[in-house]
Amino acid sequence: MGMSNKVTAILNFIALLCSIPLITSGIWLSKKADNQCVHLFRWPVLILGILLLIVSLAGFVGSYWNRQGLLAFYLFSMAALIVVLLILLIFAFVVTRHDGSYIVPGRGYREYRVEGYSSWLRNYVTESENWSKVRSCLAQTDVCTELSQEYSSADHFFSAHISPLQSGCCKPPTICGFTYVNPTFWVNPANPTSDPDCLVWSNDQHQLCYGCKACQAGVLGNLRKEWRKANIALIITVVVLICVYIIGCSAYKNAQTQELFRRYKDGWA
């Protein structure tokens with residue numbers, strides 16, 4: 001194996017390692033309750049991580065055993081993957097740039113407004129047909145029952161840093177002035193007309209605030225929070241892959257030049 005092919009093999013091994021955080025991030029995202037219910041956001045990172053693993057393996061095999069066809073496939077496919085990753089990264093950054101959260105005095109958690117998020121994300125998630133499916137899906141998860149198991153007193157709950165999804169879907173808005181009984185059971189609202197969600201709230205554990213605007217905002221807040229974390233893995237992966245690809249192209253070109261020179265010498269001899 002020539003020096004250029006050795007370099008390419010090492011670079012492909014690095015690219016293969018880059019697929020691990022991408023796959024890990026994809027699995028982490030796919031297991032989150034909101035992503036399980038908003039299917040569009042569940043699989044892209046995981047699928048791209050698996051594709052990167054396959055392409056890197058093809059490149060490693062092609063460079064190690066000098067299979068020019070596999071190397072050409074690797075270079076073309078890796079370029080396409082880098083472009084797709086860049087598009088996904090830019091898209092994720094744009095749609096998660098706006099933050100609809102606001103501070104609630106005397107509470108450790110924040111509450112959320114639908115209007116604070118990007119119009120594309122807001123329209124996709126809260127569109128009536130999509131939201132009815134998301135709402136039914138959320139009601140079947142244990143995202144709210146976990147609160148009752150974890151927090152036993154009002155003080156403990158009010159100082160907690162619960163997720164946007166739990167803040168929006170599992171309790172009524174603070175402005176309604178409900179009296180705390182437990183994290184998912186509230187009574188006697190002091191200001192029932194202060195927000196339309198005050199009248200939507202139900203102590204039925206299958207209803208809670210899943211029909212509230214606050215719940216839609218909580219889902220958006222959770223998606224934003226999780227995808228901004230995933231963006232870190234995407235940024236690192238894209239930067240490393242671009243560097244690997246540039247060096248790999250140079251090594252591939254050198255290998256082709258060496259092969260032509262060898263054939264020329266053999267023909268001359």
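## Close-up views of a predicted model

**View A. Phe157 counts as buried, at 0% relative accessibility.** Buried means under 20% relative accessible area, exposed means over 50%, and partly exposed covers what lies in between, with a 1.4 Å probe and protein chains only. The model is predicted, so that local features need a pLDDT of at least 70 and side-chain atom pairs count only at pLDDT 80 or more, while totals for chains, interfaces and linings use all residues. Residues are numbered from 1 along each chain as its sequence is written, and side-chain values use heavy atoms, with hydrogens and water left out. Phe157 belongs to one aromatic cluster, together with Tyr109, Tyr151, Phe158, Tyr180 and Trp186.

**View B. The whole protein, as a setting for the close-ups, has 11 helices and 4 strands.** Its radius of gyration is 26 Å, well over the 18 Å that the globule rule gives for 269 residues, so the protein is more spread out than a compact globule. The radius is taken over C-alpha atoms, and the globule rule is 2.2 Å times the number of residues to the power 0.38. Helices (H or I, at least four residues) and strands (E, at least two) are DSSP runs numbered from the N terminus. Along the principal axes, the C-alpha atoms fill a box of roughly 100 × 35 × 30 Å. Of the 269 residues, 44% are buried. Where contacts join residues at least 6 apart in sequence, 66% of them link residues at least 24 apart, a contact being heavy atoms within 4.5 Å.

**View C. Phe91 and Trp120 form an aromatic pair.** A search of the whole structure finds 10 aromatic pairs. In one of them, Phe91 and Trp120 are edge-to-face, with 5.0 Å from centre to centre and 85° between the planes. Rings of Phe, Tyr and Trp (its six-membered ring) pair if their centres lie within 6.5 Å, and planes under 30 degrees apart count as stacked, those over 60 as edge-to-face and the rest as tilted. Phe91 lies in helix α4 (residues 68–95) and Trp120 in helix α5 (residues 119–126), so the pair ties together parts that are 29 residues apart in sequence. Both rings belong to partly exposed residues, since the relative accessible area is 35% for Phe91 and 36% for Trp120.

**View D. Tyr151 and Phe157 form an edge-to-face aromatic pair.** Their ring centres are 5.8 Å apart, and the angle between the planes is 70°. Tyr151 is buried, with a relative accessible area of 10%, and Phe157, at 0%, is buried as well.

**View E. Ser163 sits in the loop between α8 (154–158) and α9 (164–169).** With a relative accessible area of 18%, Ser163 is buried. Its C-alpha atom is separated by 8.6 Å from that of Arg110, although the two residues are 53 residues apart along the chain.

**View F. Ser19 lies in helix α1 (residues 3–30).** The residue is buried, with a relative accessible area of 1%. When neighbours within four places in sequence are left aside, Ser19 is in contact with Gly49, Leu52 and Leu53.

**View G. Lys213 has its place in helix α11 (residues 213–268).** At 53% relative accessibility, Lys213 counts as exposed. Lys213 and Arg113 are 100 residues apart in sequence, yet 7.7 Å lies between their C-alpha atoms. Apart from neighbours within four places in sequence, Lys213 is in contact with Val114 and Asp197.

**View H. Asn188 and Leu208 are viewed for their backbone angles.** Most residues other than glycine have a negative phi. Asn188, in the loop between β4 (185–187) and α10 (196–200), has a phi near 50°, a positive value in a residue other than glycine. Leu208, which is found in the loop between α10 and α11, likewise has a positive phi, near 45°. Asn188 is exposed, with a relative accessible area of 60%, whereas Leu208 counts as buried at 1% relative accessibility.
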